[in-house]
Amino acid sequence: MTASAQTLKEFNLRLTAGREQVLDLFLNADHALAHSDVETGLGPDHDRVTVYRTLRTFLDAGLLHKVLDDEGGTKYALCREKCADGHHHHDHVHFKCETCGQTTCLDEVRIPAVSLPDGYNRKEMNLLIQGVCQECNG
Ligand SMILES: [Zn+2]
Ligand SMILES: [Zn+2]
Ligand SMILES: [Zn+2]
């Protein structure tokens with residue numbers, strides 16, 4: 001069984017060729033992927049609606065999490081932590097490289113604790129740091 005098939009099974013998701021292909025792209029990438037990156041990765045022979053639904057399913061299942069990119073863009077990345085159904089609990093930093101344009105999960109870098117004024121309930125916290133990545137620096 002392929003790694004992607006194995007993962008789909010672990011998350012109790014039905015195996016389809018499309019889901020396996022999309023998951024493969026994420027397993028083989030070391031950075032977050034935008035919707036358009038997924039479409040490019042799949043080649044010309046794919047259905048846009050299916051890609052959209054697949055990403056939605058993976059998000060809901062706790063397989064992928066959203067990465068807020070600069071300029072209001074959204075990317076997706078694999079959840080390295082164990083995320084349950086619909087409950088993502090990430091507090092790692094995302095890094096956007098202005099040289100290569102890639103956004104990476106810095107899983108080991110935690111967003112520092114932030115205390116909110118009374119009456120504000122935190123649901124999600126996102127921190128995007130922009131600069132030059134390790135690879136482009138090296
Ligand atoms: Zn997650
Ligand atoms: Zn870079
Ligand atoms: Zn992340």
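Here are two short exercises on zinc sites, each with a worked solution.

This is a predicted model, where local features need pLDDT of at least 70, side-chain atom pairs count only at pLDDT 80 or more, and totals for chains, interfaces and linings use all residues. Residues are numbered from 1 along each chain as its sequence is written, chains are lettered from A and ligands numbered from 1 in the order in which they are written, and side-chain values use heavy atoms, with hydrogens and water left out.

**Exercise 1.** Work out which residues coordinate the zinc ion (ligand 1).

*Solution.*
- Start with the donors (N, O and S atoms within 2.8 Å of the metal, or 3.2 Å for Na, K and Ca; water is not among the atoms, so sites may look incomplete).
- You'll find C79 (SG), C83 (SG), H88 (ND1) and H90 (NE2), at 2.0 to 2.3 Å.
- Next, look along the sequence: the spacing is C-x3-C-x4-H-x1-H.
- C79 and H90 are in the loop between strand 3 (74-78) and strand 4 (92-97), so this pair ties together parts that are 11 residues apart in sequence. Strands here are DSSP runs (E, at least two residues), numbered from the N terminus.
- Both C79 and H90 are buried, meaning under 20% relative accessible area (1.4 Å probe, protein chains only).

**Exercise 2.** Find the geometry of the site of the zinc ion (ligand 3).

*Solution.*
- Pick out the protein donors: H65 (NE2), H92 (NE2), H94 (NE2) and C105 (SG), 2.0 to 2.3 Å from the ion.
- Now check the angles among these 4 donor atoms: they run from 100 to 114 degrees, and the site is tetrahedral (four donors, all angles between 85 and 135 degrees).
- Finally, H92 in strand 4 and C105 in strand 5 (residues 103-110) link distant parts of the chain, 13 residues apart.

How values were computed. Helices (H or I, at least four residues) and strands (E, at least two) are DSSP runs, numbered from the N terminus. Buried means under 20% relative accessible area, exposed over 50%, partly exposed in between (1.4 Å probe, protein chains only). Four donors count as tetrahedral if all angles lie between 85 and 135 degrees; four count as square planar and six as octahedral if opposite donors are over 155 degrees apart and all others between 65 and 115; anything else is irregular.
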